[in-house]
Amino acid sequence: MQYQSTRGNASNLDFRGVTLAGLASDGGLYVPRVWPEFSVAEIASMRHLSYVDLAARVMAPFTAGVLSEDELKELCAAAYGSFSHDAVTPLVQLDGQHWLLELFHGPTLAFKDVALQLLGQLFERFLTGTDTALTIVGATSGDTGSAAIHAVAGREQVEIFMLHPEGRISDVQRRQMTTVLAPNVHNIAIKGSFDDAQAMVKRMFGDPEVTGSITLSAVNSINWARLMAQVVYYFWAALRLGAPERPVAFSVPTGNFGDVFAGYVAAQMGLPVAKLLVATNVNDILHRALSKGDYSVSTVTPTATPSMDIQVSSNFERLLFDLEGRDGSTTGARMKWFEQMGKMVLSSDMRRKAALFTSARADADEMTNAMRWAHDHAGQIVDPHTAIALHAARAASLPAEVPVVTLATAHPAKFREAVERATGIRPTLPARVGNLFDREERCIVLPGDYGAVRDHVLGHAARS
Ligand SMILES: *Cc1c(COP(=O)(O)O)cnc(C)c1O
C-alpha cells in the first residue's frame, strides 16, 4: 500500500515511511492511495476472531508490502497484552438500543492507548537493526502525553520529551506521566499555557538547528498508524451487534476528528455503518461545519471535557480530501486559504457527500443529564467525554432496529471531580494504577522560553 499527501505535493510513502514521518513534508496528512474493501462474506468470516486476530485482519491491507498479517498479529498481541480486559474493548449494554464500547482498559485509562500501544510496537519494529534514532517531542493538555509515554517508555532508539503546562493538568494526568521513570522519558513542565507549549513544539519542527541534528517525530493523531489502529474497534463492535447483515451507528466524542474518522474508514472498507454521530461540547466548530457548512475558528471555552476543547480539528482535512474528489491540489489550496482566513465554507455538494455524518453539540447541563441517565437507568458511571457522546446518541432518535454504540473514551476515574459533581459518586482508580499517588515523580520545570526548552531537548535527544 502506498500513501499520498492530502496536499498533493509530497512524495508517496509506504506504511513504514508514513509511520515514522507523521506529517507530510508539504504540510498535508498521509492517506492511503485507495481505500481497501472487504466483501460481505469476508466481513462475516471475521465474526469468530479474537480482538488481536481481527486487528491483524483489518489492518493487513494498510501494511501490505511492509508487514504481513502474521507479523501484525505478533505486534498486536504485544500491544494489547497490556490491556486489563480480555476482550480489549468490551461492549456494555445500556438499554434495548444503546451500548457503550469501553476503550479505556489500557495502561493510561483513555482510548488513546489503543492506538499508541500499537504505535510503540511499530516504532520498535521499524527502528531495530537500523541506525535511526527517534526523538519524539510533543505537548499535551492531558491524555495524549501519558498514552505516548507509556507506549515508548524503555524502548531502544527512542527518546520522548513531553511538555505540559505547569499546574494546569489534573494530578492524575500529571502523575500518569511523571511517575514513569524510564531513562528515555523526559517530562517538562512549562511555565505557561498549553498553547505556549504547543507553539514551542511546532517551532522545534521548523528549526533547522534542531532538524539538522536529530530525527524528530510526532505522535499526535495526524499519524496515520494511529487512525488505522482505531478502525479495528468499529469492526469489533459492529460484528458483535449483527454486522454485516445489520448496520450499526456510532456516537463519538470528537476533538481532533481522529476517532470518528476511523469510523468513516471502516465504512469505506465495507462495514455497514448506519450513522456516525459527531458529538462536540460547546466548542462546536465541527457541529457548525457539518450542520451548516460553516467551518470557522472562534475562541476555545474551557470545559469539563478538555480533550474536546479544540479550535481546529487536524484530521478534518482527511475528510475534506475525500469530499473534494481526492485531489491534493484542491485540498492544498483550500487549507492554505483556511490557514490565512480562519474559516471555510463547505458546499452543499460536499455536505451531501458527508451524509454518513450527523453532528450534535452538548452543553454542560446536557452532559450532566447524560451521566445521570447512564447511572440511573443502566448502573453505569461514564466520564464527561463519553457523556457528551451519549447525549448525542440518545438525541439522534435513530430507528429502534439500529443499535447505537457510544464510544467510551476515558475511564470515569480519570475525571473524577466532574463525575462526582454530576452523580455524587466518586469513581475509584482501578487497582492496577491505584498506587499512582505513592510513586516517585520525575519532571523538570522550565521557563516559557523557547531557547531553554530547545537546549534541553538537544542536550538529551536520541543520536544515531
Ligand atoms: C482525545 C480524546 C477525545 C477526542 O478524540 P479525537 O480523536 O481527537 O476526536 C475524546 N475523549 C477523550 C477522553 C480523549 O482523550
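Helices (H or I, at least four residues) and strands (E, at least two) are here DSSP runs, numbered from the N terminus.

1. Basis of the note. The model is a predicted one, in which local features need pLDDT of at least 70 and side-chain atom pairs count only at pLDDT 80 or more, whereas totals for chains, interfaces and linings use all residues. Residues are numbered from 1 along each chain as its sequence is written, and side-chain values use heavy atoms, with hydrogens and water left out.

2. Loop geometry. Pro244 belongs to the loop between α10 and β9, and the peptide bond that leads into it from Ala243 is cis, with omega near 5°. In the loop between β4 (98-102) and α5 (112-127) lies Leu109, a residue other than glycine whose phi is nevertheless positive, near 70°.

3. Salt bridges. Taking a salt bridge as a side-chain nitrogen of Lys or Arg within 4 Å of a carboxyl oxygen of Asp or Glu, a search of the whole structure gives 24. One of these joins Arg47 to Glu245, with an N to O distance of 2.4 Å. Because Arg47 is in the loop between α2 (40-44) and α3 (51-63) and Glu245 in the loop between α10 (224-240) and β9 (248-253), this pair ties together parts that are 198 residues apart in sequence.

4. Ligand site. There are 14 residues around the ligand (a heavy atom within 4 Å of it), and those that come nearest are Lys112, Asp143, Gly255, Asn256 and Thr409. By class the shell holds four nonpolar, seven polar and three charged residues, where Ala, Val, Leu, Ile, Met, Phe, Trp, Tyr, Cys and Pro count as nonpolar, Asp, Glu, Lys and Arg as charged, and the others, Gly among them, as polar.

5. Polar contacts of the ligand. With a polar contact read as a pair of N or O atoms within 3.5 Å, a polar side-chain atom of Asp143 lies 2.6 Å from a ligand oxygen atom, while backbone N or O atoms serve for Asn256, at 2.7 Å from a ligand oxygen, and for Asp259, at 2.9 Å. Taken alone, the ligand exposes 390 Å², of which the protein buries 96%, the areas coming from the Shrake-Rupley method with a 1.4 Å probe.

6. Charges over rings. Where NZ of Lys or CZ of Arg is within 6 Å of the ring centre and within 35 degrees of the ring normal, Arg240 lies over the face of Trp236, at 3.6 Å from the ring centre, and Arg394 has its charged end over the ring of Trp373, 3.9 Å from the centre.

Terms used:
A polar contact is a pair of N or O atoms within 3.5 Å; within protein, one must be able to donate a hydrogen and the other to accept it, and residues adjacent in sequence count only if both atoms are side-chain atoms.
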